[in-house]
Amino acid sequence: MNLAGPPDRPVEVPDAITDLVADGEIIIVWENQLGGLTFELRPDHRFIKWTPASSGLDLREEAVRLSWAVDFTPVPR
C-alpha cells in the first residue's frame, strides 16, 4: 500500500458503507496508511469516509477540518 492514494489492490467495502447505500455504485477512491477509506457513491457523486476503529482516527475531527477548508479549496461535504 502507498502512503496514501488510490488503492493499488482490490479493497473490500465495509458493511457500514454497503448498509448506507441502497442503489448505485460504490467506488473506492482513496486509502490511507491507517486503513482509512474514502468512497464515491454514484450516480449521486457523494463521498463517504470510513476508518477502522483501531486506526485512532476521529472522523468527527476530520469533518471539522473539512468544514474549515471549504472556504479555501474544494472538499467533500
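Which residue of β3 stands opposite Glu 25? Arg 42 does. That pair belongs to the β2–β3 ladder of a predicted model, and the account below works outward from there.

**Overall build**

The protein chain contains two helices and four strands. Along the sequence they follow the pattern β-α-β-β-β-α. The C-alpha trace spans about 30 × 25 × 20 Å along its principal axes. The radius of gyration is 13 Å. A compact globule of 77 residues would have a value near 11 Å, so the protein chain agrees with that expectation.

Burial covers 25% of the 77 residues. The exposed surface of the protein chain comes to about 5,700 Å², and carbon and sulfur atoms supply 55% of it. Among contacts with a separation of 6 or more, 27% join residues 24 or more positions apart. The protein chain carries 7 positive and 13 negative charges. The mean positions of these two sets lie 5 Å apart.

**The sheet**

The four strands make an open sheet. Their order is β1-β2-β3-β4, and the pairing is antiparallel. At the edges stand β1 (4-5) and β4 (46-50), each of which pairs on one side only.

Start at the β1 edge. Here β1 and β2 run antiparallel and are joined by two bridges. Gly 5 faces Glu 31 of β2 across this pairing.

Next comes the β2–β3 pairing. Strand β2 takes in residues 25-32 and strand β3 residues 37-42. They are antiparallel, with six bridges between them. Glu 25 stands opposite Arg 42, as said at the outset. Ile 27 has Glu 40 as its bridge partner in β3. Ile 28 stands opposite Phe 39.

At the other edge, β3 pairs with β4. The sense is again antiparallel, over five bridges. Thr 38 stands opposite Lys 49 in β4.

The table sets out the opposed residues quoted above.

| Residue | Opposite residue |
|---|---|
| Gly 5 | Glu 31 in β2 |
| Glu 25 | Arg 42 in β3 |
| Ile 28 | Phe 39 in β3 |
| Thr 38 | Lys 49 in β4 |

How much of β3 is buried? Five of its six residues are, and the strand is mostly covered. In the sheet order, β3 sits between β2 and β4.

**The two hairpins**

Strands β2 and β3 form a hairpin with four residues between them. Gly 35 lies in that turn and has a positive phi of about 90°.

The hairpin of β3 and β4 has three residues between its strands. Two backbone features deserve attention here. The first topic is the peptide bond: Arg 42 and Pro 43 are joined in cis, with omega about 15°. Pro 43 is found in the loop between β3 and β4. Arg 42, on the other side of that cis bond, is the residue that stands opposite Glu 25.

The second topic is His 45. This residue is also placed in the loop between β3 and β4. Its phi is positive, at about 60°, although His 45 is not a glycine. Is His 45 buried or exposed? Its relative accessibility is 52%, so His 45 counts as exposed. The cut-off for that class is over 50%.

**Beyond the sheet**

After β4 the chain enters a loop that leads to α2 (59-69). Ser 55 lies in this loop. Why does Ser 55 count as buried? Its relative accessibility is 12%, and buried means under 20%. Loop residues thus fall into both classes, because Ser 55 counts as buried while His 45 counts as exposed.

How far apart in space are Ser 55 and Val 75? The C-alpha to C-alpha distance is 22 Å. In sequence the two residues are 20 positions apart.

**In brief**

The predicted model is an open antiparallel sheet of four strands in a chain that also has two helices. Strand β3 is mostly covered and pairs with β2 over six bridges and with β4 over five. The loop from β3 to β4 holds Pro 43, which is joined to Arg 42 by a cis peptide bond, and His 45, with its positive phi.

Conventions
Residues numbered from 1 in each chain as written. Predicted model: local features only at pLDDT ≥ 70, side-chain atom pairs only at ≥ 80, totals over all residues. Heavy atoms only, no water. Pairing = 2+ DSSP bridges. Rg over C-alpha atoms; globule rule 2.2 N^0.38 Å. Buried < 20%, exposed > 50% of the residue type's maximum accessible area, 1.4 Å probe, protein only. Contact = heavy atoms within 4.5 Å. Areas by Shrake-Rupley, 256 points an atom, 1.4 Å probe, with all protein chains shown as cover. Lys, Arg positive; Asp, Glu negative; His and termini not counted. Charge placed at Lys NZ, Arg CZ, Asp CG, Glu CD.
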